[in-house]
Amino acid sequence: MIHRLSDVQSNNIGKTTNVWQFVVILKDAVIGENCNICANVFIENDVVIGNNVTVKCGVQLWDGLRVEDDVFIGPNATFCNDKFPHSGNHDFKRLNTVIKKGASIGANATILPGVTIGENVMVGAGAIVTKDVPSGSIVKGVF
């Protein structure tokens with residue numbers, strides 16, 4: 001289901017995925033089967049999302065993000081792809097971020113660029129993730 005009030009430019013979305021109102025998905029994004037993309041989500045071009053992924057309201061997924069299967073991304077979680085952002089800088093160095101299978105990202109967590117969040121990791125609400133998180137870990141605060 002793709003809600004009539006969304007702007008979906010990609011043809012690479014699994015048939016059993018739900019895309020709710022006010023979602024923008026750019027043309028080169030890839031989204032798997034059985035996902036739930038909630039209201040007010042923005043997904044840039046070079047983003048790949050696996051199967052059975054939930055992206056809650058207010059999330060922006062920027063170029064270079066890879067989200068594996070069975071991931072939960074809580075409301076207003078924030079992802080970054082540039083360590084030194086400056087307005088008008090067209091030569092920035094994009095750093096890719098990977099969220100491994102079964103990970104959960106809590107509401108309002110901030111994931112800095114270039115990190116890998118391991119399998120079945122739980123990132124607490126409001127956490128700031130600055131480095132790779134080993135599989136099976138629970139992180140909160142500044143990690």
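**View 1. Asp 46 and its two arginine partners.** A salt bridge here is a side-chain nitrogen of Lys or Arg within 4 Å of a carboxyl oxygen of Asp or Glu. Keep in mind for every view that the model is predicted. Side chains of opposite charge can pair when their charged atoms come close. By that rule, the structure has five salt bridges. One of them brings the side chains of Asp 46 and Arg 66 together, with N and O 2.7 Å apart. Since Asp 46 sits in the loop between strand 6 and strand 7 (47-49) and Arg 66 in strand 10, this pair ties together parts that are 20 residues apart in sequence. How exposed are the two partners, Asp 46 and Arg 66? Asp 46 is partly exposed, at 24% relative accessible area, and Arg 66 also counts as partly exposed, at 27%. Asp 46 has another salt bridge, this one with Arg 94, where the closest N and O atoms are 2.7 Å apart. That link also spans distant parts of the chain: Asp 46 is in the loop between strand 6 and strand 7, while Arg 94 is in the loop between strand 12 (78-79) and strand 13, 48 residues apart. Arg 94 is partly exposed too, with a relative accessible area of 32%.

**View 2. The Asp 70 and Lys 101 salt bridge, and a look back at the network.** Here the side chains of Asp 70 and Lys 101 meet in a salt bridge, 3.3 Å from N to O. Once again a pair links distant parts of the chain, with Asp 70 in the loop between strand 10 and strand 11 (72-73) and Lys 101 in the loop between strand 13 and strand 14 (104-105), 31 residues apart. Asp 70 is partly exposed at 35% relative accessible area, and Lys 101 is partly exposed at 38%. Back in the first view, salt bridges with shared partners join Asp 46, Arg 66 and Arg 94 into one network.

**View 3. Thr 97, tucked away in strand 13.** Is Thr 97 buried or exposed? Its relative accessible area is 3%, so Thr 97 is buried. The residue belongs to strand 13, which covers residues 97-99. A polar atom of the Thr 97 side chain lies 3.2 Å from the backbone nitrogen of Gly 114. Leaving out residues up to four places away in sequence, Thr 97 touches Gly 64, Leu 65, Arg 66, Cys 80, Ile 111, Leu 112, Pro 113, Gly 114 and Val 115. Arg 66 on that list is the residue that meets Asp 46 in a salt bridge.

**View 4. Ser 137, in the loop before strand 19.** Ser 137 sits in the loop between strand 18 (128-129) and strand 19. At 19% relative accessibility, with the cut-off for buried being under 20%, Ser 137 counts as buried. Which backbone atom lies 2.8 Å from a polar atom of the Ser 137 side chain? That would be the backbone oxygen of Pro 134. With residues up to four places away in sequence set aside, Ser 137 touches Asn 120, Val 121 and Met 122.

**View 5. An aromatic pair, and a lysine over a ring.** The structure holds one aromatic pair. Its rings belong to Phe 42 and Trp 62, with centres 5.4 Å apart and planes at 45 degrees, so the pair counts as tilted. Distant parts of the chain meet in this pair: Phe 42 is in strand 6 (residues 42-43), and Trp 62 is in the loop between strand 9 (60-61) and strand 10 (65-67), 20 residues apart. Phe 42 is partly exposed, at 23% relative accessible area, and Trp 62 is partly exposed at 30%. Another ring has a lysine for company: Lys 131 lies over the face of Phe 143, 4.9 Å from the ring centre.

**View 6. The parallel sheet, with strands 5 and 8 picked out.** Strands of a sheet pair through backbone hydrogen bonds, either parallel or antiparallel. Which way do the seven strands of this open sheet pair? They are parallel, and they run in the order 2-5-8-11-14-17-19. At the edges are strand 2 (18-19) and strand 19 (138-139), each pairing on one side only. Strand 5 (residues 36-37) pairs with strand 8 (residues 54-55) over two bridges. Across this pairing, Ile 37 stands opposite Val 55 in strand 8.

Note on methods. Residues are numbered from 1 along each chain as its sequence is written. This is a predicted model: local features need pLDDT of at least 70, side-chain atom pairs count only at pLDDT 80 or more; totals for chains, interfaces and linings use all residues. Side-chain values use heavy atoms; hydrogens and water are left out. Helices (H or I, at least four residues) and strands (E, at least two) are DSSP runs, numbered from the N terminus. Buried means under 20% relative accessible area, exposed over 50%, partly exposed in between (1.4 Å probe, protein chains only). A polar contact is a pair of N or O atoms within 3.5 Å; within protein, one must be able to donate a hydrogen and the other to accept it, and residues adjacent in sequence count only if both atoms are side-chain atoms. Contact means heavy atoms within 4.5 Å. Rings of Phe, Tyr and Trp (its six-membered ring) pair if their centres lie within 6.5 Å; planes under 30 degrees apart count as stacked, over 60 as edge-to-face and the rest as tilted. A charge sits over a ring if NZ of Lys or CZ of Arg is within 6 Å of the ring centre and within 35 degrees of the ring normal. Two strands pair if DSSP finds at least two bridges between them.
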